[in-house]
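Hi,

Here is the structure I promised to pass on. Have a look at it first, and then read my notes underneath.

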Amino acid sequence: MNDFYGLRKKKIIVTGATSGIGRTLVKQLDSEHADLLLIGRSREKLEALTGELSRKPTCCVIDLTDLGQLQNIANFLPDKIDGLVHAAGVNLWSLLGV
Ligand SMILES: NC(=O)c1ccc[n+]([C@@H]2O[C@H](COP(=O)([O-])OP(=O)(O)OC[C@H]3O[C@@H](n4cnc5c(N)ncnc54)[C@H](OP(=O)(O)O)[C@@H]3O)[C@@H](O)[C@H]2O)c1
């Protein structure tokens with residue numbers, strides 16, 4: 001089958017991977033067999049998410065607001081990048097418990 005437009009083996013980075021929008025997209029991308037680089041602050045949450053996926057992603061534990069940590073991402077980057085989901089952020093409604 002022609003997979004030209006599919007996500008199989010596409011190398012996609014997801015920030016905010018452990019919750020909300022990012023997490024939902026991680027599940028969808030995994031179901032379409034993308035190669036994922038997941039970025040989050042919590043190793044525990046990333047490991048728990050990894051256990052729910054069909055393919056083992058690469059995980060990078062980093063706080064994106066810490067400029068000193070940012071260059072660590074370079075150690076995890078694939079040789080090429082096909083896509084980026086930048087979903088890291090603060091959901092104010094969640095903070096308010098809504
Ligand atoms: N959900 C909506 O309907 C909606 C609508 C419009 C806009 N947005 C915006 O879209 C963004 C994501 O929303 P959401 O509902 O998916 O939020 P969420 O459920 O709170 O998830 C936020 C994600 O971002 C990660 N994150 C937060 N700060 C980070 C940091 N400094 N470094 C690395 N990762 C960090 C969190 O990781 P950990 O907590 O595990 O570290 C978590 O995985 C927010 O900015 C929100 O305001 C959301």
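Start with the ligand: 21 residues surround it, and the closest are Gly16, Gly20, Arg41, Gly89 and Asn91. Do keep in mind that this is a predicted model. If you sort the shell around the ligand by class, you get 12 polar residues, 6 nonpolar ones and 3 charged ones. Which element gives the most to that shell? Helix α1, residues 20-31, does, with 3 residues.

Now for the protein as a whole. You'll find 4 helices and 4 strands in it, and from the N terminus on they run β-α-β-α-β-α-β-α. The radius of gyration is 14 Å, close to the 13 Å that the globule rule gives for 98 residues, so the protein is as compact as a globular protein of that length. Along the principal axes, the C-alpha atoms fill a box of roughly 45 × 35 × 20 Å. Of the 98 residues, 24% are buried. As for contacts between residues at least 6 apart in sequence, 54% of them join residues at least 24 apart.

The part I'd zoom in on next is strand β2, which covers residues 35-40. Why call it largely enclosed by the rest of the structure? Because 5 of its 6 residues are buried, and a residue counts as buried here when 20 or more other C-beta atoms lie within 10 Å of its own.

Strand β2 also pairs with two other strands, as follows.

- Strand β1 (residues 11-15) runs parallel to β2, and 5 bridges join the two. Valine 14 of β1 has leucine 38 in β2 as its bridge partner. To get from β1 to β2 the chain passes through α1, and this β-α-β crossover is right-handed.
- Strand β3 (residues 58-61) is joined to β2 by 4 bridges, and this pair is parallel as well. Here leucine 38 stands opposite cysteine 59 in β3. Helix α2 (residues 43-50) forms a right-handed β-α-β unit together with β2 and β3.

So where should you click to see both pairings? Try leucine 38: it is the bridge partner of valine 14, and it stands opposite cysteine 59 in β3. From there you can follow the chain back through α1 to β1, and α1 is also the helix that gives the most to the shell around the ligand.

That's what I have for now. Shout if anything is unclear.

Cheers

How values were computed: Residues numbered from 1 in each chain as written. Predicted model: local features only at pLDDT ≥ 70, side-chain atom pairs only at ≥ 80, totals over all residues. Near = placed C-beta within 6 Å. Nonpolar A, V, L, I, M, F, W, Y, C, P; charged D, E, K, R; others polar. Rg over C-alpha atoms; globule rule 2.2 N^0.38 Å. Buried ≥ 20, exposed ≤ 12 C-beta atoms within 10 Å, placed from the backbone. Contact = placed C-beta atoms within 7 Å. Pairing = 2+ DSSP bridges. Right-handed = clockwise from strand over helix to strand, strands pointing away.
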